[in-house]
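Me: I should like to examine the reasoning behind several structural labels. Please set each value against its criterion.

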Amino acid sequence: MTPTETIRVDCDASLESAVARAITVLSRGGLVAVPTETVYGLAANARDPEAVAKIFAAKGRPATNPVIAHVPNVEAARALVSEWPESASLLARAFWPGPLTIVLAKRIGAVAEDVTAGGPTVAIRVPSHPLLSRILNRIDFPLAAPSANRSESISPTTAEHVLASLDGRVDLVLDAGPTARGIESTVIDLAGPVRLLRPGPITRDQIEGLIGPLNRAAEESTGDGVARSPGMMKRHYAPKTSVEVSSDPARAIHRHRSTGRRVAWIALVGDVVDPECPCRVMAADPIEYQRDLYAALHWADEQEAELIIVTAPPVGDAWEAIHDRLRRASAFIGDLPQFP
Ligand code: TXA
Ligand code: MG
């Protein structure tokens, strides 16, 4: 495997050369890991079936899981769909460019079949990261880009995270530092009953404030969303180490340690930390918490602990996406004995 080329983008001159190099690689059908405002994405020409196939191979992603098409603006988004409802206009005006992905009825042939996993819909987003915007504005094809991590592991919020899971599997990484939002975009489905497929930085209340109530029954009816959003599997965004979310972390830590188990703790500001336990303290503000969540899970994974305890965060609209990711990170995997 050839090691991945990395370009650090920390000044205007490096920005220009990074954009030019990325466009060269993408135009030749290569894979480029790019920063977005949410997480790093693994980008390829969405119209080139061979380039798209490389994304699935690099990630080890099942072909049944469609990927998001990234475009520079609303006009380019409309070119990918067969219908553009009024609700899409409202959402695009309010939240694009930004961390919202909209699922719509696709226009046949607008992107390679594998981008949509052969389904009738396409997921589209106009990202706001200046580096990626610049690339999108200079190419004449959309970019298929899932998060730049091996399938089912934690999404990358730094170039180091990308290299840790994909070194040698991607042609180029553009390193523009940690991402601003820290978790993946909100995904909303406008192709059928209007519903949230994945909570994210744009909250349910923000969306409902604009286009009216979402169809909660339709969200429930698919459970883990297997039928419509195959990526929303129960265990996802998960570290290698088991995760337990606890509203009484001190007690949980004591219980596990008394059986000799090594624990790492993702605490919340205000928790009384335990000097014996590696600990990372999260902010009480949901936007800051989100930004740091995956970095904290990556950190916890490196502590050589047998278990990660996470202090249960507050509840409420602004915390929905955080609870969603923690639920997926903590879905049962291993052989931990049950405690009373
Ligand atoms: O913030 C993000 O959205 C990042 C950055 C790179 O843009 N991308 C990302 O992509 O998180 P990915 O592939 O890791 O997650 C995309 C989600 C998956 O759950 C996938 O199943 C769903 O969007 N999705 C994609 N196309 C879909 C479609 N046509 N219908 C329903 N769900 C779809
Ligand atoms: Mg992903």
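**Labels and their grounds**

Reply: In this predicted model, β6 provides the largest share of the shell around ligand 1, namely four residues. At least two residues of that shell come from each of β4 (68–70), β6 (121–125) and β10.

Me: What makes the approach of Arg61 to ligand 1 a polar contact?

Reply: A polar contact requires a pair of N or O atoms within 3.5 Å. An N or O atom in the side chain of Arg61 is 2.8 Å from an oxygen atom of ligand 1, so the pair satisfies the criterion. For Arg198 the corresponding distance is 2.9 Å. Ligand 1 taken alone exposes 680 Å², of which the protein buries 97%.

Me: Why is Gln290 called buried?

Reply: The term applies under 20% relative accessible area. Gln290 has 4%, and is therefore buried. Gln290 is located in helix α10 (residues 286–301). Beyond its neighbours within four places in sequence, its contacts include Arg181, Pro201 and Ile322.

Me: How do you know that β2 and β8 pair?

Reply: Pairing demands at least two bridges. Strand β2 (residues 32–34) and strand β8 (residues 172–175) share two bridges in the parallel sense, so the requirement is met. Ala33 is opposite Val173 in β8.

Me: What makes β1 and β10 edge strands of the sheet?

Reply: The open sheet has ten strands in the order β1-β8-β2-β3-β7-β4-β6-β5-β9-β10, with mixed pairing. β1 (5–8) and β10 (195–198) each have a single partner strand, so one side of each lacks a neighbour in the sheet.

Note on methods
Residues numbered from 1 in each chain as written. Chains lettered and ligands numbered in written order. Predicted model: local features only at pLDDT ≥ 70, side-chain atom pairs only at ≥ 80, totals over all residues. Heavy atoms only, no water. Buried < 20%, exposed > 50% of the residue type's maximum accessible area, 1.4 Å probe, protein only. Contact = heavy atoms within 4.5 Å. Polar contact = N/O pair within 3.5 Å; in protein donor to acceptor, adjacent residues only side chain to side chain. Areas by Shrake-Rupley, 256 points an atom, 1.4 Å probe, with all protein chains shown as cover.
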